Amino acid sequence: MSIAKMIAAHPDVEDHLNDPLAETIKHAMWAATLASSCADACVAEEHIIEMRPCFRKCSDLSDIAAMFSTVAARRTGSNEQVIKAAMALLKTAAEECRDECARHDKDHCKRMHTMCEELLEDIGKRTL
């Protein structure tokens, strides 16, 4: 199932899809899941104390990305101010997660770093 096709099928959208926003929503959905997985992997690491900041920032990104994707996918009416504020929060969380993951030489952190970069690229392209 495609989130872009789902949004485009909404009666208020009528096939006038905001492609950059739809891509950001899609990557936020992925980021929510991957950040949760990375946080879980951080807890499983042998040197868990060193991974605590990464666990926190991945967990924060997971929750914020899930919130953003849910709010931004709603197309009934208009609430651009809330979507813009949620996107700003998402950007901050993705930057912090990316920077923290860059500090660790773990495969899960490297993958999360890449996910954050992709998400931040989409946020930079967005139109709202």
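## A tour of a five-helix chain

Begin by selecting glutamate 50, which has its place in helix α3; helices here (H or I, at least four residues) and strands (E, at least two) are DSSP runs, numbered from the N terminus. Is glutamate 50 buried or exposed? Glutamate 50 is exposed, with a relative accessible area of 53%, where exposed means over 50%, buried means under 20% and partly exposed lies in between, all with a 1.4 Å probe and with protein chains only. Now add histidine 104 to the selection: the two residues are 54 apart along the chain, and their C-alpha atoms are separated by 9.3 Å.

Before going further, keep in mind that this is a predicted model, in which local features need pLDDT of at least 70 and side-chain atom pairs count only at pLDDT 80 or more, while totals for chains, interfaces and linings use all residues. Residues are numbered from 1 along each chain as its sequence is written, and side-chain values use heavy atoms, with hydrogens and water left out.

**The whole chain**

Show the protein chain as a cartoon, and you will find 5 helices and 0 strands, following the pattern α-α-α-α-α when read along the sequence. Of the 128 residues in the chain, 37% are buried. If you turn on the surface, the accessible area, which comes from the Shrake-Rupley method with a 1.4 Å probe and for residues counts only the protein chains shown as cover, is about 7,600 Å², and 51% of that belongs to carbon and sulfur atoms. Among contacts (heavy atoms within 4.5 Å) between residues at least 6 apart in sequence, 70% join residues at least 24 apart.

**Helix α2**

Select α2 next, a helix of 26 residues that reaches 38 Å from its first C-alpha to its last, close to the 38 Å expected at 1.5 Å a residue; the expected span is 1.5 Å times one less than the number of residues. Its buried residues include Leu21, Ile25, His27, Ala35 and Cys38. Leucine 21 has a relative accessibility of 3% and counts as buried, and its C-alpha atom is separated by 8.0 Å from that of alanine 72, 51 residues apart along the chain. Then move to leucine 34, also found in helix α2, which at 34% relative accessibility counts as partly exposed. Which residues does leucine 34 touch, not counting those up to four places away in sequence? Leucine 34 touches Met112 and Met115, while histidine 108, 74 residues apart from leucine 34 in sequence, is 8.9 Å apart from it in space, C-alpha to C-alpha.

**Helix α4**

Now select residues 80-101, which form helix α4, with 22 residues and a reach of 31 Å from first C-alpha to last, close to the 32 Å expected at 1.5 Å a residue. Colour its buried residues, among them Ile83, Met87, Leu90, Cys97 and Cys101, and look down the axis of α4: the buried residues fall within an arc of 155 degrees, so they line one face of the helix, the arc being that of the directions from the helix axis to the C-beta atoms. These buried residues pack against α2 (19-44), α3 (48-73) and α5 (107-125).

**The core and its cysteines**

A nonpolar core is a set of buried Ala, Val, Leu, Ile, Met, Phe, Trp, Tyr and Cys residues joined through side-chain atoms within 4.5 Å. The largest such core has 33 residues, and those with the most contacts inside it are Cys58, Leu61, Phe68, Leu90, Cys101, Met112 and Leu119. The elements α2, α3, α4 and α5 each give two or more residues to this core. Select cysteine 58 and, leaving aside neighbours within four places in sequence, you will find it in contact with Ala35, Cys38, Ala39, Cys97, Cys101 and Met112.

How many disulfides does the structure hold? The structure holds 0 disulfides, a disulfide being a pair of cysteine sulfur atoms within 2.5 Å. Cysteine 97 is in no disulfide, and the nearest cysteine sulfur, that of cysteine 58, is 3.6 Å away; cysteine 97 is buried, with a relative accessible area of 0%. Finish at cysteine 116, also in no disulfide, for which the nearest cysteine sulfur is that of cysteine 97, 3.7 Å away, and which is buried at a relative accessible area of 1%.
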